[in-house]
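You asked for a second pair of eyes on this structure before you write about it. Please keep the 3D view open and find each residue as it is mentioned.

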Amino acid sequence: MRGVEFGTGTQATFVPSDPPRDGVLALWGDGVAGDTAIELVLPAGKIFRRTKVDAALVPLSRAIPRLLTAEGDLSPAIAAWSAVAEAGVNLIARGRLLPAASPGGVDSWRVGPLDVADEEMLRGLAAALPPEAHALPLSGLKRIRLHSPESLIRAFWDATADVLVRTPAASVAAGGPAFAAAQPTLVGPDGAAWLAELSARQAQGAHLVLRMEVHEPEDPTAPEEEPTFEAVLAVRSAADPSLIVEAATLWDAPEAVLERMGEQVETQLLLGLRRGARAWAPLGRMLQSAAPTGLALEYDEVVDLLTHGDAALGGAGIEVQWPKDLFAGELKAKASATQTPGSVTGPEFTLKSLLRFRWRMSLGDEDLTDAEVTALAEAKRPLVRLRGKWVKVDARLIAKVRAHRAKKLSGAEALAAALTGELELDGEKVEFTAPSALTGLLQRIRESAAEPIEQPAELRATLRPYQKAGLAWLATMTGLGLGACLADDMGLGKTIQLISLHLHRRPRGEGPTLVLCPTSLLGNWEREFARFAPDIPVRRFHGGGRHLDDLAPDEVVLATYGVLRRDREALSEVDWGMIAADEAQHVKNPLSATAKELRKIPAAAKVALTGTPMENRLTELWSIIDWTTPGLLGSLDGFRRKVARPIERDRDAAATERLATTVRPFLLRRKKTDPDIAPELPRKTETDRFVPLTAEQTTLYEAVVRENLAMIRELDGVARRGQVLKLLTELKQICNHPAQYLKEPGVLHGRSGKLAAFEELLDVILDEGDSVLVFSQYVQLCRLLEKRLAERGLPTMLLSGSSTPKAREDMVARFQAGEVPVFLLSLKAGGVGLNLTKATHVIHYDRWWNPAVEDQATDRAYRIGQDRPVQVHRLIAEGTLEERIAKVLETKRGLADAVIGAGEDWITELSDDELADLVRLGGT
């Protein structure tokens, strides 16, 4: 194998050749030491290009055994070609071999002929080949065209046949080198004539057909009378597949018909029967007859033919035909629910309400009666006569139906099943029919955003059209006693929509509203209520002396998540009309104390406000939705197994669509790029600025990589992941500035390429009279920048997690007033809840490696109220891991849109070689 192993990350593409026994597998990708170059078609961004790759050419004689025994953590391409090799060898073992000659007249072997089952298997294998496993372009064409997967598999099978047939003793047994010797042999004129004759015979051959007939009793009402079954033997012409002749009449057929069957039809019939008898034993009885024509079958034999024999005979090249109208439609189980007393759409309905579960069985489009279902269950036979037709009975399905007769569904389970049209029971999905009232409820939810609604008269603002739609949706959801997650992009006015909702619900006297938020946003909420709804009483439940005495029915209480953890019991004593969780990503961990305490506070309505309902994992989305709409997504463990893993690990499109369908009515997501919102905002320009490292940075970078990779190779498990994260942190700090990594207060100027680029960019921004936000995930780096800009006499402000709420409010006010043009912000502390529209530039000094978090920080400036274009600058150290990960982040943005998050954990799972390639210093 020239030192090449089939391992993780290795890709494979088959390269056919002529003669085919010289065919090879070209292994390319990670871990492959190439000894030649081949041209493949590989993705380059969003397009595909011809690409030269190094490859190791592995002779088939050596590759076939390795493919047949390949196991372990294989790449998709190797796994696919392993399956192809196994299928090819099985065909050869069954005698599917044909001699042939190459275009150059050289002897060769081919796999064939293929029957219907073989052709179906070929199509299945071709469909399963991943793109990188057949990325071989057709030569001689200007436009890129690939070999079809089927043609490559056929070429591989043919090459395999040619290799395996030629054993050391083959020439001796054959009496000559043609079709036996390992070396190519010209077939010559005699050989060519022989091959032509074989080909003609093959084209005129015949295939066996077994046609099932059912003979009904003369008196169907007589209980002792049962139908009888007969298998009628026939042959189908290979030259004219539409020509089928029963064996009983074959010898009396016209000469023209017999010619279409070929000269060897009798031999082929007998050989076919022998193959069939090995595949399905009852067929052996036909061989006892001098002129086999048919076979009477017992009931059990018919059942066996249905369940196993049909497929076995197909593999032996015998086609089984069943009467078209013999069987009724497929027996299916369907689920439905009926209401318990009370209206589903009324106030009595809650997500915990129980609905009566009911099974329905159907044949095709017709429902069966309870008596018919009972008859199927008691028959204890896999084939039952019902409504004049035969029904294939699935005993397991019937048992499941009877086992779940007493099941009840919660309102949340019924809602989820009604949304997807499916209900999962014992790991299987069955069709679900919701009661009419529940479908009416869903219709109201789906149309709620489009329902016209007047903004409250007390609101001192004019809502934009999309904000009115948001208010209508929130009013409908809370009015129905359902939860809601308003997941608009940052800056689109979630706060004013919640204020409008409180005013809309105020006349109903449903009780006070509790708003939970980070400490830094208490002042913002207080000011927004004072500005837009000054008549609403608002109190802070925060700090010393806080209390909940004498709450007004329409009062709003502002509390922090920290207070929630400490004073949950006091908050639970209030009969809240509504609870709103602002920046709801703070409860994204369902096992955290904050999330657990939040779930213990009762409320008539629950609203989550967040611009990032999912930052890293789908369980974060589960945590938020399970608070607003308990039970909709099932248990946390079940969600992880059935939803999160298939989507995050396997990119399961069907699971993604089911989740989106379930969540969509309860989560309203609008983006700034949406057509009806984009006109409300000015243009945003994003620029990546690649900067070189200084000599000092380069030396430090290489030393840290070398030292950490050596340690990582010796570790595994949690210790390895921790060391990888340490490596990433140190490299990011070196890319920022050596002083940050070395933790020294020394000279800053001239030591960092990124700092030099930052100062140049800042000079241009300030010369134009603009203001700028500068984000870094490191407070220490912000302090270094503050020090450097102070040396230059530039006024700055720095906001971090240690800033008090009062200081935070003062800094925001000063920046918005234009007193200080440069605002340095820690990404975690300043990335949410701030309105900084004075800024027209945003600089991300370093990358958070989560696009959602970066976008959220950018939205401090790019939000409703901004009337000037915003420019976003990202500083990236070229030739480092920052440049390589920047490419990955572009794909992560797309994944977030499909309910898949992005984080750094994926990096810790890379192999040692993959990690070394990621962090190496040099061009991409």
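The numbered points below go through the sheets, the helices that pack on them, the nonpolar cores and a few single residues.

1. Please bear in mind throughout that this is a predicted model, and describe it in those words when you write about it.

2. Begin with the sheet of 7 strands, which is open, has parallel pairing and runs in the order 22-23-21-24-25-20-26. Strand 22 (538-540) and strand 26 stand at its edges and have a single partner strand each, so one side of each is left without a neighbour in the sheet. For a student meeting sheets for the first time, it helps to recall that the strands of a sheet pair through backbone hydrogen bonds, in either a parallel or an antiparallel way.

3. Within that sheet, a good pair to look at is strand 24 (residues 578-582) and strand 25 (residues 606-609), which pair in the parallel sense over 4 bridges. If you want one position to find on the screen, take I579, whose bridge partner in strand 25 is K606. Helix 16 (residues 494-505) packs on the sheet, where it touches strand 20 (484-486), strand 21 (513-517), strand 23 (556-560), strand 24 and strand 25. The direction of helix 16 makes about 175° with that of strand 24.

4. Which residues have the most contacts inside the largest nonpolar core? They are L498, L514, W525, W576 and L659, in a core of 91 residues. Taking L498 as the example, and not counting residues up to four places away in sequence, you will find that L498 touches V515, W525, M578, A580, V607 and L609. A second core, separate and made up of 36 residues, includes I64, I92, L122 and V187.

5. L659, named above for its contacts in the largest core, is also one of the buried residues of helix 22 (residues 653-663), alongside A655, T656, T661, T662 and V663. The elements against which the buried residues of helix 22 pack are helix 13 (411-420), helix 20 (618-628), helix 21 (636-648) and strand 26 (667-668).

6. Turn next to the sheet of 6 strands, which is also open with parallel pairing, and whose order is 27-32-31-28-30-29. Its edges are strand 27 (684-691) and strand 29 (796-799), each with a single partner strand, so one side of each is left without a neighbour in the sheet. If direction is ignored, neighbouring strands of this sheet are turned by 20° against each other on average.

7. Strand 31 (residues 841-844) deserves a closer look, since H841 and I843 point one way from it while V842 and H844 point the other way, and yet all are buried. On one side, strand 31 pairs with strand 28 (residues 772-776) in the parallel sense over 4 bridges, and there the bridge partner of L773 is V842. Strand 31 also pairs with strand 32 (residues 870-877), again in the parallel sense over 4 bridges, and the partner of I843 in strand 32 is H873.

8. How do helix 23 (residues 695-712) and helix 33 (residues 912-919) lie, parallel or antiparallel? Their axes come within 11 Å and cross at roughly 170°, which makes helix 23 roughly antiparallel to helix 33. The contact is made by Y701, V705, L709 and I712 of helix 23 together with D912, L915, A916 and V919 of helix 33.

9. Q740, in helix 25 (residues 738-742), is a polar residue to check with care, for it is buried with a relative accessible area of 0%. The side chains of Q740 and N736 are joined by a polar contact of 3.1 Å. Leaving aside neighbours within four places in sequence, Q740 is in contact with Q733, Y778, Q780, L781 and L784.

10. Finally, compare two residues that have a positive phi without being glycine: D550, with a value of about 55°, and E583, with a value near 45°. D550 is found in the loop between strand 22 and strand 23, whereas E583 is in the loop between strand 24 and helix 19 (593-599). D550 is exposed, with a relative accessible area of 73%, but E583 is buried, with a relative accessible area of 4%.

Terms used. Residues numbered from 1 in each chain as written. Predicted model: local features only at pLDDT ≥ 70, side-chain atom pairs only at ≥ 80, totals over all residues. Heavy atoms only, no water. Buried < 20%, exposed > 50% of the residue type's maximum accessible area, 1.4 Å probe, protein only. Helix = DSSP H or I, 4+ residues; strand = E, 2+ residues; numbered from the N terminus. Contact = heavy atoms within 4.5 Å. Core = buried A, V, L, I, M, F, W, Y, C linked by side-chain atoms within 4.5 Å. Pairing = 2+ DSSP bridges. Axes fitted to C-alpha atoms, helices over the stretch in contact; angles between N-to-C directions. Polar contact = N/O pair within 3.5 Å; in protein donor to acceptor, adjacent residues only side chain to side chain. Parallel < 35°, antiparallel > 145°, perpendicular 65-115°, else oblique.
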